[in-house]
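Biologist: I would like a close look at one part of this model. Please keep the sentences short, and explain each term as it comes up.

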Amino acid sequence: MKAVVMKDVGDVDVLEYVDRRDPNPGPGEVLVGVEAAGVNFMDIGVRQGMAWTGVSNPKILGVEGAGLVLAVGDGVRDFVVGNRVAWVYAPGSYAEMITMPAESLVPLPHDIDFRTAASLMMNGLTASHFATEFYPVQQGDIALVHAAAGGVGSLLTQIIKLRGGRVIGRVSSESKRSVATEAGVDDLLVDRDGGFAGAVMRLTNGEGVHVVYDGSGPASFQASLNSLRHAGTFCWFGPVLEESRAVELFSLPKSIKIGFAVYSDHVRTAELLRKRTAKLFDWVRQGKLKVFNGGVYALADAATAHADMWSRKTSGKLLLVP
């Protein structure tokens, strides 16, 4: 099979499109033919040496995708050859084939296409966690969503709106306005420099927002704090790609609550994974949730996809197709 491996830690030039031996499923595992694989900032973090450091190189990147069951190992009862499936976390997804534990898979309904599913798993479950569990948005709540045109931000915006909230969305350039607006952002801020807190306070009549969803890293941390109302909630996520910072709890203002949200806590059992993914599929089926595709690349062009994502010039979800 063909796969994309990182031969070392570094820039996109460490990625190689190579031949690998076809995998076989062990007991409790399923072999899947990959129809589409999602590209995530997590993958860039792995390539830069910030995760999976215990796995020797060369290693196959990618964790998310959708495809067809090709074979099942002993003891697998939930899936048979030919089933359509999707997954949110299975290391080695930048490949034509992959094996994984059966409990990592969810059934993919026939009215949800592979590319939609591969775009929805990581970003959709992350957005669902943020808006329904970490901070369950209530009718009338005001949320500040950073990167509102991104893969997570565009889905998060829509889920907040489904729950009756109002969204102040921040994007880095005018080119992202259309996606953020279509996703349902009520008030859009175009800002690259972190000077958004004043605008947020004006839009909320000096009160601040109920919740901030900020995955932009330390550069926006203080302005996000300043955008919250008393007893507001700060949902911090994904700053693994930039230098982190210590937070002095005694210095946090206005009795705010802060936490680092991780999608895996939302799907901590196979039952929850399937239940919450089915909900996302239902919203797509009903026309309540739209996936914004930012680019489809051949598997061999994974390096280009990484470069485009890192440039922050893309909107929506990027996919690799074998």
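Which strands does helix α3 lie across, and at about what angle does α3 run to β9?

Modeller: This is a predicted model, where local features need pLDDT of at least 70, side-chain atom pairs count only at pLDDT 80 or more, and totals for chains, interfaces and linings use all residues. Numbering starts from 1 along each chain as its sequence is written, and side-chain values use heavy atoms, with hydrogens and water left out.

Helix α3 covers residues 151–162 and lies across β9, β10 and β12. Its direction is at about 170° to that of β9. (Helices, H or I with at least four residues, and strands, E with at least two, are DSSP runs numbered from the N terminus. Axes are lines fitted to C-alpha atoms, for helices over the stretch in contact; angles run from 0 to 180 degrees between N-to-C directions.) In the sequence, β9 spans 142–146 and β10 spans 166–171.

Start with β9. Five of its five residues are buried, meaning under 20% relative accessible area (exposed is over 50%, partly exposed lies in between; 1.4 Å probe, protein chains only). Its side chains go two ways. I142, L144 and H146 point to one side of β9. A143 and V145 point to the other side. Both groups are buried.

Next, look at the partner of β9. Strands β9 and β10 pair in the parallel sense, over five bridges. (Two strands pair if DSSP finds at least two bridges between them.) L144 has I168 in β10 as its bridge partner.

Now step back to the whole sheet. It is open and has six strands. Read across it, and the order is β11-β10-β9-β12-β13-β14. The pairing is parallel. At the edges stand β11 (187–190) and β14 (257–260), and each of these pairs on one side only. From one strand to the next, the twist averages 15°.

Move along to β12 and β13. Strand β12 takes in residues 209–214, and strand β13 takes in residues 228–236. They too are joined in the parallel sense, by five bridges. Y213 stands opposite C235 in β13. Helix α2 packs on this sheet, where it touches β12, β13 and β14. The direction of α2 makes about 145° with that of β13.

Helix α2 has a helical neighbour as well. It runs over residues 114–134 and packs with helix α7, residues 270–285. Their angle is about 105°, and their axes are 10 Å apart. On the α2 side, the residues that meet α7 include T116, A117, L120 and M121. G124, L125, S128 and E133 also take part from α2. The α7 side brings L273, R276, T277, L280, F281 and V284. (Contact means heavy atoms within 4.5 Å.)

Rings come next. The whole structure holds five aromatic pairs. (Rings of Phe, Tyr and Trp, its six-membered ring, pair if their centres lie within 6.5 Å; planes under 30 degrees apart count as stacked, over 60 as edge-to-face, the rest as tilted.) F221 and W236 have ring centres 5.0 Å apart and planes at 55°, so this pair is tilted. The two residues are 15 apart along the chain. F221 sits in helix α6 (residues 221–226), while W236 belongs to strand β13. Both are buried. Y213 returns here: ring pairs link F130, Y213 and F237 into a cluster.

Finish with two loop residues. Most residues other than glycine have a negative phi. A147 has a positive one, near 50°. You will find A147 in the loop between β9 and α3. Its relative accessibility is 45%, so A147 counts as partly exposed. S255 also has a positive phi, of about 55°, and is not a glycine. Its loop joins the other end of our tour, between β13 and β14. S255 counts as exposed because its relative accessibility is 63%.
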